[in-house]
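Please examine the structure shown below. The paragraphs that follow lead from its nonpolar core to its strands.

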Amino acid sequence: MSRQDWDIEAFKIQARFARVMGHPIRLRILYLLEKDGPELTTSQLIEDLGISKASLSQHLTKMSNVGLIRSKRVGRFLKVSLANPAIGKACQLVREALLSQSEEQQAILKSTESGDSPRQAPAANRGDEPRS
């Protein structure tokens with residue numbers, strides 16, 4: 001397999017991960033496993049997430065199918081963990097980046113509401129006046 005073929009396959013795997021991670025409940029599951037882990041029981045997840053056992057089971061199945069999580073039965077409990085701790089760290093980095101971006105956007109909005117916005121360039125420089 002060539003380097004280019006490997007890159008394409010790696011992006012396909014990443015896209016599958018991203019599709020499964022594209023649900024707020026699944027992102028919260030990853031967050032809880034990263035924050036409160038390394039292992040949580042399904043009972044703990046149901047309580048923390050406020051969802052039904054059936055709903056959690058569907059989410060965990062999808063996450064397990066793409067390799068985001070692992071699960072093991074211990075007695076009558078099912079324990080869930082991140083397949084790789086880097087997954088939790090990656091999600092944390094994305095959350096931090098989005099929070100930072102959101103804070104920057106809020107600061108810009110506040111400055112425009114208070115009249116501190118940068119002055120617009122004269123119309124001749126903006127390019128919105130018809131040319132002669």
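**Core and strands**

In this predicted model, the largest nonpolar core comprises 20 residues, of which Ile29, Leu30, Leu49, Leu68 and Ile69 touch the most other members. Two or more residues of this core are given by each of helix H1 (3–21), helix H2 (24–36), helix H3 (42–49), helix H4 (53–65), S3 and helix H5 (85–113). The largest share, five residues, comes from H2. In soluble globular proteins, nonpolar side chains tend to be buried together.

Leu49 illustrates the contacts of one such core member. With residues up to four places away in sequence not counted, Leu49 touches Ile25, Arg28, Ile29, Leu32 and Leu56.

The strands may be considered next. Strand S2 (residues 69–74) pairs with S3 in the antiparallel sense over six bridges; within this pairing, Leu78 of S3 is the bridge partner of Arg73. The hairpin of S2 and S3 has two residues between the strands, and Gly75 takes a positive phi near 65° there. Strand S3 (residues 77–82) also pairs with S1 in the antiparallel sense, over three bridges, and Ser81 in S3 is the bridge partner of Glu39.

Strand S1 (residues 39–41) includes Thr41. Is Thr41 buried or exposed? Thr41 counts as buried because its relative accessibility is 13%, and the cut-off for burial is under 20%. When neighbours within four places in sequence are left aside, Thr41 is in contact with Phe77, Leu78 and Lys79.

Definitions and conventions: Residues numbered from 1 in each chain as written. Predicted model: local features only at pLDDT ≥ 70, side-chain atom pairs only at ≥ 80, totals over all residues. Heavy atoms only, no water. Helix = DSSP H or I, 4+ residues; strand = E, 2+ residues; numbered from the N terminus. Buried < 20%, exposed > 50% of the residue type's maximum accessible area, 1.4 Å probe, protein only. Contact = heavy atoms within 4.5 Å. Pairing = 2+ DSSP bridges. Core = buried A, V, L, I, M, F, W, Y, C linked by side-chain atoms within 4.5 Å.
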